[in-house]
Amino acid sequence: MTQPLLQASGVQVAYEGNRALELAALQVGRGEVVGVVGANGAGKSTLVNALAGWSRGTPRVSGEVTLDGRRIDGWAPHQRIRAGLALVPEGRLVFGRMSVDENLCTAFAPAEGPGRHVYSRDEIYELFPRLQERRRHWGLQLSGGERQMLGIGRALMMGPQLLLLDEPSIGLAPKLVSQVLATLRTLAGKGLSILLVEQNVRAAIEVVDRLVLLERGRVVLEGPAAQVGNDPRIAEAYLGTQA
Amino acid sequence: MNLTQQVINGLVLGHAYALVAIGWTLLLGVARLVNFGHGQMYMLGAFVTWWAVAKAGVPYLLAVPFAMLVGAAFGLVMQRVMLKATFEQNLVSIMIMTLGFGYVLHGGAALIFGSTGQILETSLSRHEFNFGDLWFTGQDLAIVVAAIVVFICLKWVLDGTRIGRLVRMVAEDPKLAQLAGVNVRRVYYGVFAFEGAAVAFAAGMVAPRTPILTSMGFEEVIMTFVVVVFGGIGSVKGSYFAGVALGLFTALFGALVSPAYTTAAAFLVLIALLVLRPGGLSAGVAGAH
């Protein structure tokens, strides 16, 4: 059996003494798309941020994280990114005072390798033609959907093995949500592993291989999307009712 | 009173202000930090240059880079000590620590260099240019040329190079810059080293115009503050024009009204500007550098 690309165990995150995440174990296989779903405050963003070693706050994080067999917990965010773990966070995604072209530049020269494709700027424009039309515009002039594309594009230019995406559909029109999620499926088809945090469960089920349900910072349900997608706990988490 | 001579004096003074402020422009623009030890770092740069020339017999043109190395090293030490506070943007701690560094520098310099004022003479400061009633020294000319060259270089580095792009990323959003693969810690170190080197360079250029005292630094930090805020925080172009404008204002106000009230008048103008244009001269210019 091949080793999973990402393995996390015993990951705990606390803000000011309040525990936000208590993850016993999580794995993402090579080329696998894993969806993380859960109600607001379930710890979804905390999970992907902790894996990337990143946060806008100052949480206390512990636990073990390995990427491609290497321990990366304790590494700075830029080191994890260079190792192949890229995060596209929720919220502020682009440098507003830089053009789209400038946003699509990397701080380092990523190396191609097994399971790592370093996208060029031209490939990003091919993937998201809208960005090419707006290449001279400032980041702050872009719409929500364009910012999302730009955030994903920049992450792809760093040649990730695993892409962590936090709520890429938030605030987007349904048509754009479909477009972004279809792009993710295309990327997964090319071998990229993806850990997708998504509120829109129905849309997420369409693109993920496996689904993980978080409740109060703990995994309460996990399995193939087709199998667990209809579990009443999924609907309950979002609608507050029994399905 | 010779008005043209006052304009020349103002231009030289203005370029000196701009040169002294350039490190702070980047520091405030990138790290969103203030360095209240800036004036004492200027004093240190002036004394190191003087010591290298007068005591060690180093040629002036080598003494200035030597002072810049010392300044950069001091900037790195400061940043090492303040790194945690920098990441947390803990401005109160940083303000107190930089003030503390300033006082330590002041005390250390008094211990090493004594309290006697020193004069730094260079071949440039001895060389005078006379055009009728008008005159200026080679040092004055060097200050103007150096300020223009340094500002053009900084603007080019920030706008046109990879390093400049990384610095701008950190300036805008250090957390997001981490996710773009930027080693933010290294950028902070680089900015502090640049600030130390830049203020030492400014001191090496400007100090030959005035007596060098270990007690100096307060006026320099105040004027730097005015230039950086007046120009628009983080704006390289704004700082240059603000420095020149402040120099001209100081020279002309001093000649036409009274030198005693120049600083007070400059602050009145600054207050008025901040009321009318809170972002400074470059306010409203997206991505202004």
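## Two helices in chain B

At what angle do the axes of helix α2 and helix α3 of chain B cross? In this predicted model, the answer is roughly 145°, with the two axes coming within 8 Å. Helix α2 covers residues 38-55 of chain B, and helix α3 covers residues 60-87. Their crossing is right-handed.

If you want to pick out the contact on screen, start from the α2(B) side: M41(B), L44(B), G45(B), V48(B), T49(B), W51(B), A52(B) and V53(B). Facing them from α3(B) are Y60(B), A63(B), V64(B), F66(B), A67(B), V70(B), G71(B), F74(B), G75(B) and M78(B). Sorted by class, the residues of this contact come out as 14 nonpolar, four polar and no charged.

## The loop between them

P59(B) sits in the loop between α2 and α3 of chain B. Is P59(B) buried, exposed or partly exposed? P59(B) is partly exposed, and its relative accessible area is 49%. For orientation, try finding S123(B): it is 64 residues away from P59(B) in sequence, while the C-alpha atoms of the pair are 10.0 Å apart in space.

## α3 has another partner

Helix α3 of chain B also crosses helix α9 of chain B, which spans residues 184-206. Here the axes come within 6 Å and cross at roughly 145°, and the crossing is right-handed. The contact of α3(B) with α9(B) has 19 nonpolar residues, six polar ones and two charged ones.

One residue to click on in α3 of chain B is L76(B). With a relative accessibility of 37%, L76(B) counts as partly exposed. Setting aside neighbours within four places in sequence, L76(B) is in contact with Y189(B) and A193(B). H106(B) is 30 residues from L76(B) along the chain, and their C-alpha atoms are separated by 18 Å.

## Helix α7 in chain A

Over in chain A, helix α7 takes up residues 174-189, 16 residues in total. From first C-alpha to last it reaches 23 Å, close to the 22 Å expected at 1.5 Å a residue. Which residues of α7(A) are buried? They are V177(A), V180(A), L181(A), T183(A), L184(A), L187(A) and A188(A). Look down the axis of α7(A) and these buried residues fall within an arc of 150°, so they line one face of the helix.

On the other side of α7(A), you'll find P174(A), K175(A) and G189(A) exposed. The cover over the buried residues of α7(A) includes strands β3 (33-38), β7 (162-166) and β8 (193-197) of chain A. It also includes helices α4 (121-127), α6 (144-156) and α8 (201-207) of chain A. Just after α7(A) comes G191(A), with a positive phi of about 105°.

## The loop between β7 and α7

Two residues are worth a stop in the loop between β7 and α7 of chain A: E167(A) and P168(A). E167(A) counts as buried at 5% relative accessibility, and P168(A) counts as buried at 0%.

What does E167(A) touch, not counting residues up to four places away in sequence? The list is K44(A), E90(A), Q148(A), V197(A), E198(A) and Q199(A). K44(A) is 123 residues from E167(A) along the chain, yet the two C-alpha atoms are separated by 9.2 Å. P168(A), again leaving aside neighbours within four places in sequence, is in contact with Q148(A), V180(A), L196(A), V197(A) and E198(A). V180(A) in that list is one of the buried residues of α7(A). D122(A) is 46 residues from P168(A) in sequence and 22 Å away in space, C-alpha to C-alpha.

## Positive phi values in chain A

Most residues other than glycine have a negative phi. That makes a couple of glutamates in chain A worth a look. E167(A) has a phi near 50°, a positive value in a residue other than glycine. E16(A) also has a positive phi, of about 50°, although it is not a glycine.

Where is E16(A) found? E16(A) is in the loop between β1 (6-15) and β2 (18-28) of chain A. As for their surroundings, E16(A) counts as exposed at 76% relative accessibility, whereas E167(A) counts as buried at 5%.

Conventions:
Residues are numbered from 1 along each chain as its sequence is written. Chains are lettered from A and ligands numbered from 1 in the order in which they are written. This is a predicted model: local features need pLDDT of at least 70, side-chain atom pairs count only at pLDDT 80 or more; totals for chains, interfaces and linings use all residues. Side-chain values use heavy atoms; hydrogens and water are left out. Helices (H or I, at least four residues) and strands (E, at least two) are DSSP runs, numbered from the N terminus. The expected span of a helix is 1.5 Å times one less than its number of residues. Buried means under 20% relative accessible area, exposed over 50%, partly exposed in between (1.4 Å probe, protein chains only). The arc is that of the directions from the helix axis to the C-beta atoms. Contact means heavy atoms within 4.5 Å. Axes are lines fitted to C-alpha atoms, for helices over the stretch in contact, and angles run from 0 to 180 degrees between N-to-C directions. A crossing is left-handed if the near helix is turned anticlockwise from the far one by less than a right angle, and right-handed if clockwise. Ala, Val, Leu, Ile, Met, Phe, Trp, Tyr, Cys and Pro count as nonpolar, Asp, Glu, Lys and Arg as charged, and the others, Gly among them, as polar.
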